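Good morning, colleagues. Please take a moment with the sequence and the coordinates before I begin, and I shall then go through the fold and a few individual sites.

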Amino acid sequence: MTHTFKNAYFSAVEEVLSKIEKTQSARMETAARLTADTLEKGGVIHTFGCGHSASAALEPFHRSGCFAAVNAILDPGLMFQCGALAGTAFERLEGYANAVLARHELNPQDILFVFSNSGRNPAGVDAILYAKKQGVKTVAVTAAGAHTQSKSRHSSGLLLKDAADLTLDNCCSANETALVTAGVQTGPVSSVAASCLFHAVLVRAAEILAEKGLELPVYKSSNAGGDEHNAKLEKKYHGRIKYLK
């Protein structure tokens, strides 16, 4: 006998993704076209996030099926390698992200995606403002709909959704969870939602480039015979991708 196991978390994720598709499609199309334009002009897709939001920023970096032109802006202090409490402190330290981004090459033809569910901490806002000074297009992926009453921790008073050129709402709650178990909020979905949203944008960008007859600089699996193909892409982007070593 076959039994159907219905998991509440799966249902919660499906609900969030469905909401994203229904409410963010137009903005995602804009993001995809900006991304395709970046790649067509030889630019780079920069990604940035702190703490758990860094997982969405890292998701398409040097990965099979993803663009080779993704530069994940990573920092141990913001990714808990120096400790979770220290990471939180660094994310709230205004000016810290400027020093992190200064170690990367950002050009006007590039685009930067910044991930932060709350969108209120200085690191994300600083990253957006720094990139804009370099003429870089900026996209925020945040819980925009859940933070109409949030107070920015940045001296400018800006939230991430206010600082970026374009904002994509991950349709998550302010506390990132989607379930309540015995009166306790459980089931964080922000990382899943942000990653799915970002992949959807990148796939659409690939479609736009393909419609123009352009070659797609996409990695193949290194575990399925893709080494030679990938080596050519790595050589092409080596000078622009900091952690491509």
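Which residue of S5 does Val-141 stand opposite? The partner of Val-141 is Leu-168 in S5. Before I go further, let me state that this is a predicted model, and everything I say today should be heard in that light.

The pair I have just named belongs to the contact between strand S4, residues 137–142, and S5; these strands run parallel and are joined by 4 bridges. They are part of an open sheet of 5 strands, whose order is S2-S1-S3-S4-S5 and whose pairing is parallel. At the edges are S2 and strand S5, residues 166–169, each of which pairs on one side only. From one strand to the next, the twist averages 20 degrees. As a general reminder, strands of a sheet pair through backbone hydrogen bonds, in either a parallel or an antiparallel manner.

Let me turn to the edge formed by S2. Strand S1, residues 45–49, runs parallel to S2, and 4 bridges join the two. Within this pairing, Ile-45 stands opposite Val-70 of S2. Are the faces of S2, residues 70–73, covered or open? Both are covered: Val-70 and Ala-72 are buried on one side, and Asn-71 and Ile-73 are buried on the other. So S2 pairs on one side only, yet both of its faces are covered.

Now to the helices that accompany the sheet. H5 lies across S1, strand S3 (111–115) and S4, and runs at about 170 degrees to S3. Helix H7, residues 190–211, also packs on the sheet, where it touches S1, S3, S4 and S5. The direction of H7 makes about 160 degrees with that of S3.

Within H5, which spans residues 122–133, I should like to single out Gly-124. Gly-124 has a relative accessible area of 8% and is therefore buried. Beyond its neighbours in sequence up to four places away, Gly-124 touches Phe-48, Val-114 and Leu-160. Gly-124 and Arg-92 are 32 residues apart in sequence, while their C-alpha atoms are 9.2 Å apart in space.

The next site is His-154, found in the loop between S4 and helix H6 (160–163). Why is His-154 classed as buried? The reason is its relative accessible area of 8%, since buried means under 20%. Which side chains make polar contacts with that of His-154? One is the side chain of Asp-126, at 2.7 Å, and another is the side chain of Glu-94, at 3.5 Å. Setting aside residues up to four places away in sequence, His-154 touches Glu-94, Arg-120, Pro-122, Val-125, Asp-126 and Leu-129. His-154 and Ala-123 are 31 residues apart in sequence, with 8.5 Å between their C-alpha atoms.

A third site is Thr-177, in strand S6, residues 177–181. Thr-177 is buried, because its relative accessible area of 17% falls under the 20% limit. The side chains of Thr-177 and Asn-175 are joined by a polar contact of 2.8 Å. Leaving out residues up to four places away in sequence, Thr-177 touches Gln-185, Thr-186, Gly-187 and Pro-188.

I shall finish with the aromatic residues. How many aromatic pairs does the structure hold? There are 3. Phe-90 and Tyr-96 form a stacked pair, with 4.6 Å from centre to centre and 20 degrees between the planes. Phe-90 is partly exposed, with a relative accessible area of 24%. Elsewhere, ring pairs link Phe-113, Phe-115 and Phe-198 into a cluster. One further ring deserves mention, that of Tyr-243: the charged end of Lys-242 sits over this ring, 5.8 Å from its centre.

Thank you for your attention; I am glad to take comments.

Methods. Residues numbered from 1 in each chain as written. Predicted model: local features only at pLDDT ≥ 70, side-chain atom pairs only at ≥ 80, totals over all residues. Heavy atoms only, no water. Buried < 20%, exposed > 50% of the residue type's maximum accessible area, 1.4 Å probe, protein only. Polar contact = N/O pair within 3.5 Å; in protein donor to acceptor, adjacent residues only side chain to side chain. Contact = heavy atoms within 4.5 Å. Pairing = 2+ DSSP bridges. Phe/Tyr/Trp six-rings, centres within 6.5 Å; stacked < 30°, edge-to-face > 60°. Lys NZ or Arg CZ within 6 Å of the ring centre and 35° of its normal. Axes fitted to C-alpha atoms, helices over the stretch in contact; angles between N-to-C directions.
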